[in-house]
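Here are a few friendly notes to read alongside the model. They look at helix packing, one pair at a time.

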Amino acid sequence: MRPYQKRIVIVWVVMIFAFLAILGKLFVIQVIKRDKFAKRADKIQKEDNTYVLPRGTIFDRENNILAMSNERWSIYSHKRMQSEDRSKIAGLCEITGKKIGWIVRRISVDLAKQIEKEKIPNISFIPEHKRFYPMGEPIGSLIGSVQFEDNAEKIQGLCGIEWSWNKYLAGRSQKIVIEKDGVGSITYTKERFPEELCGYNLSLSISSSIQYFAYKKLKDTCLKYKAKGGVVIVMEVATGEILASCSWPSFDPNIYSDWNPLERRKVGKDRLKNKAVSWVLEPGSILKPVVCAILLQEGVVKEEDRFFCQGSIEIGRRKIFCVHKHGDQTFRDVLVNSCNVGMTQAVQRLDDKILVDYLKKFGFGDKVGLGLAEEENGILPRGSLSALAKSNLSFGYGLGATPFQVLMAISTIANQGLLVKPVLVSRVFEGRNSLIKEYHSSGKRRVISERVAKQVSEMMVDVVEKGTGKAAKIVGYKICGKTGTAEKATPHGYDKDKVVASFVGWFPAEDPKVAILVMIDEPQAEVRYGGVIATPCFREIAEKMIILYGIKGSEIVRKNI
Ligand SMILES: [Zn+2]
């Protein structure tokens with residue numbers, strides 16, 4: 001072969017190898033690694049994002065909104081941003097100073113549209129939402145709040161109804177694809193939220209106007225007496241529907257979700273607690289009507305039986321005291337005078353097991369069942385009880401109860417001896433009207449006879465007419481009530497300076513419509529009796545209820561005016 005022919009062959013061989021190499025590479029790209037490369041190309045033009053759709057709305061009994069999710073937009077930068085682009089956004093809203101990642105979160109739709117007009121490259125507009133609570137602080141401890149999780153893009157209920165009903169309220173996740181144009185900047189995505197993927201809506205039995213008013217009265221009372229805290233619950237007697245459930249101190253759930261964990265710690269857990277269901281306390285004298293009902297039901301005492309109070313009585317090695325000597329009195333007056341000595345004497349006639357069994361039937365020692373995760377069981381004594389332990393129970397000590405348990409038990413007397421379980425969440429529904437679940441008071445359970453319930457109700461009218469609850473009187477209305485001033489247990493025994501002043505009652509006596517409980521924790525005042533501290537708060541809420549619900553007064557009382 002001539003030298004020039006050799007060169008031609010070499011060139012050909014090189015060319016054929018080069019061609020084969022290109023073919024091989026193409027084969028690898030087109031056939032073997034097709035999927036991988038296709039995905040990579042896709043990724044340049046599309047960006048997958050998982051979003052959680054809006055939470056459900058929470059309504060009150062009149063369809064007023066208590067919590068809702070508003071549409072917001074966030075801006076995300078997937079490439080390092082130029083400083084002039086950042087300053088354009090900074091000129092319109094506060095930014096975090098980041099060059100990449102989340103630039104600004106949950107801005108209004110209007111603001112997002114203004115920024116969009118700037119045509120800034122390499123940023124995405126991402127739909128989000130923000131929780132809004134129109135009532136704010138008055139409903140904070142009941143409704144709770146939500147927390148944003150930056151990484152998971154989730155909004156989670158943090159306390160109250162938002163937490164306890166998160167399973168229903170939370171919106172489901174959905175993938176939204178954002179498409180990029182040729183130069184890599186991202187086009188505005190305008191996907192709408194499909195209603196069926198949004199969270200379920202809830203209807204509460206709460207009435208916004210009563211909740212607001214009751215909270216205001218509770219707060220005023222707590223501030224007036226420099227109290228540590230307090231609770232007010234308003235309930236419709238026949239249905240068990242809760243019209244208001246307030247706890248003070250409370251918090252504004254609107255600003256809560258914006259706080260960082262450090263700020264939350266500063267505020268403290270106490271303000272986040274719904275004391276109406278989580279506060280376990282010795283209720284004191286407001287429990288006396290329940291014990292009276294048990295004693296009358298078991299037939300160990302009659303209303304006209306006589307008891308003598310010398311101001312104190314010895315039980316074992318302990319002395320039980322009254323505020324003063326009540327002298328000779330009927331059993332009816334023992335309740336009207338709130339006489340500890342009389343109660344102690346009467347309760348000794350009853351077997352301890354029967355007493356505790358009745359308290360269980362009245363709902364103590366078990367969750368009320370409102371569907372709130374913070375709810376406590378309370379504490380009931382176990383085993384055989386000493387004479388002193390029985391005596392303590394007769395005036396509301398030696399057991400732990402939540403405010404809701406106390407109101408439910410007392411309302412059993414208002415409901416002619418039938419226990420009615422309170423209802424807070426009445427309906428769960430999807431979209432506008434599609435009903436998922438409905439809740440009513442789960443069956444009425446007889447605890448005491450109608451006759452005994454009527455007897456105790458009449459005794460409780462006298463508590464307000466002649467006894468310790470006079471401050472609850474409303475002209476033209478017969479009101480049933482009971483005061484309580486419970487000393488709090490400390491490591492050094494019961495402290496006279498630390499009391500829970502309370503009042504529980506319902507009206508009108510002949511046809512009970514509304515039951516109200518007021519509890520004020522550690523009021524600071526010369527006179528700390530429930531009849532002085534808590535009763536006026538009850539009366540003011542009751543007067544408001546009379547106007548709002550048009551509750552008619554008592555014929556008999558009217559004639560006497
Ligand atoms: Zn007495």
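Before the packing angles, one definition: helix axes here are lines fitted to C-alpha atoms over the stretch in contact, and the angle between N-to-C directions runs from 0 to 180 degrees.

1. Please keep in mind that this is a predicted model. The protein chain holds 21 helices and 22 strands. Of its 561 residues, 45% are buried. Among contacts with a separation of 6 or more, 71% are between residues 24 or more positions apart.

2. Have a look at helix α12 (residues 288–297) and helix α17 (residues 403–414): their axes lie 9 Å apart and the packing angle is about 50°. An angle that is neither under 35 degrees, nor over 145, nor from 65 to 115 counts as oblique, and α12 is therefore oblique to α17. As for handedness, α12 and α17 make a left-handed crossing.

3. Which residues make this contact? On the α12 side they are P289, V290 and A293, and α17 brings A409, I410 and I413. Sorted by class, the contact of α12 with α17 has six nonpolar residues, with no polar and no charged ones.

4. How many residues of α12 are buried? The count is 10 of the 10, so α12 is largely enclosed by the rest of the structure. The buried set includes P289, V290 and A293, which also take part in the contact with α17. K288 and Q297 are among the buried residues of α12 too, as are V291, C292, I294, L295 and L296.

5. Just a small backbone detail to check: G299 follows α12 and has a positive phi, near 75°.

6. The second pair is helix α8 (residues 208–224) with helix α20 (residues 535–549). Their axes come within 10 Å and cross at roughly 160°. Since angles over 145 degrees count as roughly antiparallel, that description applies to α8 and α20. The crossing of these two helices, α8 and α20, is right-handed.

7. From α8, the contact draws on S209, I210, F213, A214, K217, L218 and T221. The α20 side supplies C537, E540, I541, K544, M545 and L548. What is the make-up of this contact by class? Between α8 and α20 there are eight nonpolar, two polar and three charged residues.

8. To set the two pairs side by side in your viewer: α12 and α17 cross left-handed, whereas α8 and α20 cross right-handed. The contact of α12 with α17 has no charged residues, while that of α8 with α20 has three.

Note on methods. Residues numbered from 1 in each chain as written. Predicted model: local features only at pLDDT ≥ 70, side-chain atom pairs only at ≥ 80, totals over all residues. Helix = DSSP H or I, 4+ residues; strand = E, 2+ residues; numbered from the N terminus. Left-handed = near helix turned anticlockwise from the far one by under 90°. Contact = placed C-beta atoms within 7 Å. Nonpolar A, V, L, I, M, F, W, Y, C, P; charged D, E, K, R; others polar. Buried ≥ 20, exposed ≤ 12 C-beta atoms within 10 Å, placed from the backbone.
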